[in-house]
Amino acid sequence: MSAPLNILAGKHLPIGEAQLVEWHWPSPIDVTICEDRHMIEMSLPPLAADGMASFPDLSPGRFSSIGNLFLRPAGIAIRARSKGGHIQVVRVAVQPASYAAIVGTELDYEEALLRAGLDLRDDVPKMLLHRLREELTAPGFASTILVEAYAVALVVETARSVSDRAERRADTGRLAGWQYRRVCERIESDPTSPTLSELARLCGVSPRHFARLFRALTGESVTAYVTRVQIARAAALLEKDDLPLKEISARLGFTNPGSFSTAFRRATGVTPSRYRRERAYP
């Protein structure tokens with residue numbers, strides 16, 4: 001059950017809305033929320049609570065820590081867990097179109113970037129949100145113009161912060177152990193060849209970045225690795241089973257026996273038929 005939201009102060013903006021809000025959660029929190037606007041938020045100690053969050057539509061069981069400065073992107077379900085209590089947040093809700101117009105591109109929904117957005121640590125966005133809080137609670141001369149300027153600057157600084165945070169998280173330059181295990185499990189559990197995009201989604205990164213990380217870890221391209229595994233499977237089937245080449249080709253996901261034969265000959269130097277004669281029937 002969700003606690004009632006109390007809006008302490010707010011101002012409508014051309015790009016969305018700036019607000020100071022609070023909740024009183026009497027018990028631990030476990031909620032799933034999907035917003036229609038990008039939410040750039042900062043919890044305000046001591047009225048804050050440590051929390052964890054996951055993206056149930058991407059990696060349901062993988063939780064990451066939520067810092068006191070974070071971004072909740074529009075259209076992405078987030079499951080949040082916390083001990084609850086009295087929580088106060090200053091935030092700017094930004095229309096996705098306005099975000100894209102300000103920074104020159106839409107928000108990147110790559111999982112690594114989404115997770116980076118849960119714990120932003122740069123001082124400039126924090127300073128801007130503190131200034132916004134001051135203007136919302138005690139507006140001064142030309143307050144509306146100043147709040148709008150702070151909000152636009154916050155969008156730019158948040159976009160920079162997300163990008164920088166994601167790069168720092170990827171500084172290892174190679175696939176993490178859990179990512180490599182996911183790739184191996186997919187390749188070993190399904191004889192059909194996976195696409196680069198499929199493997200990248202399993203690791204929560206873009207296909208281009210995945211290809212770089214995979215090569216850094218294994219020393220070979222994704223295509224070369226998958227091909228090597230497929231050829232090893234084909235060789236095992238040719239040696240141990242009396243299956244028609246057409247069926248072996250289909251099992252391994254080749255479009256036709258001709259493409260299978262070509263790939264096998266390119267990798268081994270002999271055709272599948274010859275390999276079977278020489279190995280299965282010496």
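**Exercise 1. Is D119 buried or exposed, and what is its relative accessible area?**

Solution. The model is predicted. D119 has a relative accessible area of 14%. Buried means under 20%. D119 is therefore buried.

Now take its partner. The side chain of D119 meets that of R121 in a salt bridge, 2.7 Å from N to O. R121 has a relative accessibility of 48%. Exposed would need over 50%, and buried under 20%. So R121 counts as partly exposed.

**Exercise 2. Find how many salt bridges the structure holds, then place the one between E17 and R37.**

Solution. Step one: search the whole structure. The search gives 14 salt bridges.

Step two: check the pair. The closest N and O atoms of E17 and R37 are 3.6 Å apart. The cut-off is 4 Å. The pair forms a salt bridge.

Step three: locate both ends. E17 belongs to strand 2, residues 16-25. R37 sits in the loop between strand 3 (29-33) and strand 4 (38-43). The two residues are 20 apart, and the pair links distant parts of the chain.

Step four: assess burial. Both E17 and R37 are buried.

**Exercise 3. Work out which parts of the chain the salt bridge between R72 and E35 ties together.**

Solution. Start with the distance. The side chains of R72 and E35 meet at 2.8 Å, N to O, in a salt bridge.

Next, the positions. R72 lies in strand 7, residues 69-72. E35 lies in the loop between strand 3 and strand 4. The pair therefore ties together parts that are 37 residues apart in sequence.

Then the accessibility. R72 has a relative accessible area of 13%, so it is buried. E35 has 21% relative accessibility, so E35 counts as partly exposed.

Finally, widen the view. R72 and E35 belong to a network of salt bridges that also includes E41 and R91.

**Exercise 4. Explain why C184 and C203 form no disulfide with each other.**

Solution. Begin with the count: the structure has zero disulfides. For C184, the nearest cysteine sulfur is that of C203, 9.6 Å away. Turn it around: the closest cysteine sulfur to that of C203 is in C184. A disulfide needs the sulfur atoms within 2.5 Å. At 9.6 Å, the two sulfurs are too far apart for a bond.

Add the surroundings. C184 counts as buried because its relative accessibility is 12%. C203 has a relative accessibility of 2%, so C203 counts as buried.

**Exercise 5. Describe the setting of T158: which element holds it, and which residues does it touch?**

Solution. First, the element. T158 is in helix 4, residues 143-169.

Second, the accessibility. T158 has a relative accessible area of 1%, so T158 is buried.

Third, the polar partner. The T158 side chain reaches the backbone oxygen of L154 at 2.7 Å.

Fourth, the contacts. Leave out residues up to four places away in sequence; T158 then touches I40, L71, L120 and P125.

**Exercise 6. Classify the packing of helix 8 against helix 10 and name the residues that meet.**

Solution. Fix the ranges: helix 8 covers residues 222-240 and helix 10 covers residues 257-268. Take the geometry. The helices pack at an angle of about 100°, with their axes 10 Å apart. Angles of 65 to 115 degrees count as roughly perpendicular. Helix 8 and helix 10 are therefore roughly perpendicular to each other.

List the interface. Helix 8 contributes I231, A234, A235 and L238. These meet F260, A263, F264, A267 and T268 in helix 10.

Conventions:
Residues numbered from 1 in each chain as written. Predicted model: local features only at pLDDT ≥ 70, side-chain atom pairs only at ≥ 80, totals over all residues. Heavy atoms only, no water. Helix = DSSP H or I, 4+ residues; strand = E, 2+ residues; numbered from the N terminus. Buried < 20%, exposed > 50% of the residue type's maximum accessible area, 1.4 Å probe, protein only. Polar contact = N/O pair within 3.5 Å; in protein donor to acceptor, adjacent residues only side chain to side chain. Contact = heavy atoms within 4.5 Å. Axes fitted to C-alpha atoms, helices over the stretch in contact; angles between N-to-C directions. Parallel < 35°, antiparallel > 145°, perpendicular 65-115°, else oblique.
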